[in-house]
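Okay, everyone, thanks for coming. Let me put the model up, and then I'll walk you through it.

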Amino acid sequence: MHLLWMIIVGLVVGAIAKLIMPGHDPGGIVITMLLGIAGSVIAGVLGRAIGWYGEGQSAGFIASIIGAIIILGVYRAIIGRSSGGGSIGRAA
């Protein structure tokens with residue numbers, strides 16, 4: 001049941017992150033869920049390291065969205081670099 005709840009929250013968090021940071025991203029609902037889940041995990045790890053959350057506590061909803069936005073930015077930076085320009089210079 002915990003995994004199902006995490007997937008649902010991940011979907012919502014990922015969708016909100018994409019709404020806050022609009023743009024064309026490859027991938028559909030699965031990428032959105034993974035983005036939200038990764039954002040929650042990152043927010044939880046960073047929150048525990050800073051002292052916002054105790055051991056075993058999950059990240060808050062807002063922190064999860066911020067984590068998902070960070071992951072989305074990194075994802076776009078990596079995909080943007082690896083997609084290439086598609087332009088080939090002609091030899092004269």
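So, on the outside there's a nonpolar surface patch of about 1,000 Å², built from Leu4, Trp5, Ile8, Val12, Phe61, Ile62, Ile66, Ile70, Val74, Ile78 and Ile79. Before I go on: this is a predicted model, where local features need pLDDT of at least 70, side-chain atom pairs count only at pLDDT 80 or more, and totals for chains, interfaces and linings use all residues. Residues are numbered from 1 along each chain as its sequence is written, and side-chain values use heavy atoms, with hydrogens and water left out.

What goes into a patch? Residues with over 30% relative accessible area and no salt bridge, with like charges joined within 9 Å and nonpolar side chains (Val, Leu, Ile, Met, Phe, Trp, Tyr) within 5 Å. A salt bridge here is a side-chain nitrogen of Lys or Arg within 4 Å of a carboxyl oxygen of Asp or Glu. Areas are Shrake-Rupley with a 1.4 Å probe, and for residues only the protein chains shown count as cover.

Which helices feed this patch? α1 (2-20) and α3 (61-82) each supply at least two of its residues, and α3 gives the most, with seven. Helices are DSSP runs of H or I, at least four residues, strands are E runs of at least two, and both are numbered from the N terminus. Take Ile70 as one example: Ile70 lies in α3, and Ile70 counts as partly exposed because its relative accessibility is 45%. The cut-offs are under 20% for buried, over 50% for exposed, and partly exposed in between (1.4 Å probe, protein chains only).

Zooming out, the chain has three helices and zero strands, running α-α-α from the N terminus. Of its 92 residues, 25% count as buried. The accessible surface is about 6,300 Å², and 72% of that belongs to carbon and sulfur atoms.

Now the inside. The largest nonpolar core has six residues: Val13, Ala17, Leu35, Ile65, Ala68 and Leu72. α1 and α3 each supply at least two of them, and the largest share, three residues, comes from α3. By core I mean buried Ala, Val, Leu, Ile, Met, Phe, Trp, Tyr and Cys residues joined through side-chain atoms within 4.5 Å. As a general point, in soluble globular proteins nonpolar side chains tend to be buried together.

Look at Leu35. Leaving out residues up to four places away in sequence, Leu35 touches Gly14, Lys18, Ala68, Ile71 and Leu72, where contact means heavy atoms within 4.5 Å. Leu35 is also among the buried residues of α2, a list that includes Gly36, Gly39, Gly44 and Gly47. Helix α2 (residues 29-50) has 22 residues and reaches 31 Å from first C-alpha to last, close to the 32 Å expected at 1.5 Å a residue; the expected span is 1.5 Å times one less than the number of residues. Just after α2, Gly51 takes a positive phi of about 105°.

Gly14 is worth a stop as well. Gly14 sits in α1 and counts as buried because its relative accessibility is 0%. Past its neighbours within four places, Gly14 contacts Thr32, Leu35 and Gly36. Its C-alpha is 9.0 Å from that of Ile29, 15 residues apart along the chain.

Two more spots to finish. Where is His24, and is it buried or exposed? His24 is in the loop between α1 and α2, and His24 is exposed, with a relative accessible area of 76%. The C-alpha atoms of His24 and Arg76 are 9.3 Å apart, although 52 residues separate them along the chain. Then there's Arg48 in α2, partly exposed at 30% relative accessible area. Arg48 and Ala59 are eleven residues apart in sequence and 8.7 Å apart in space, C-alpha to C-alpha.
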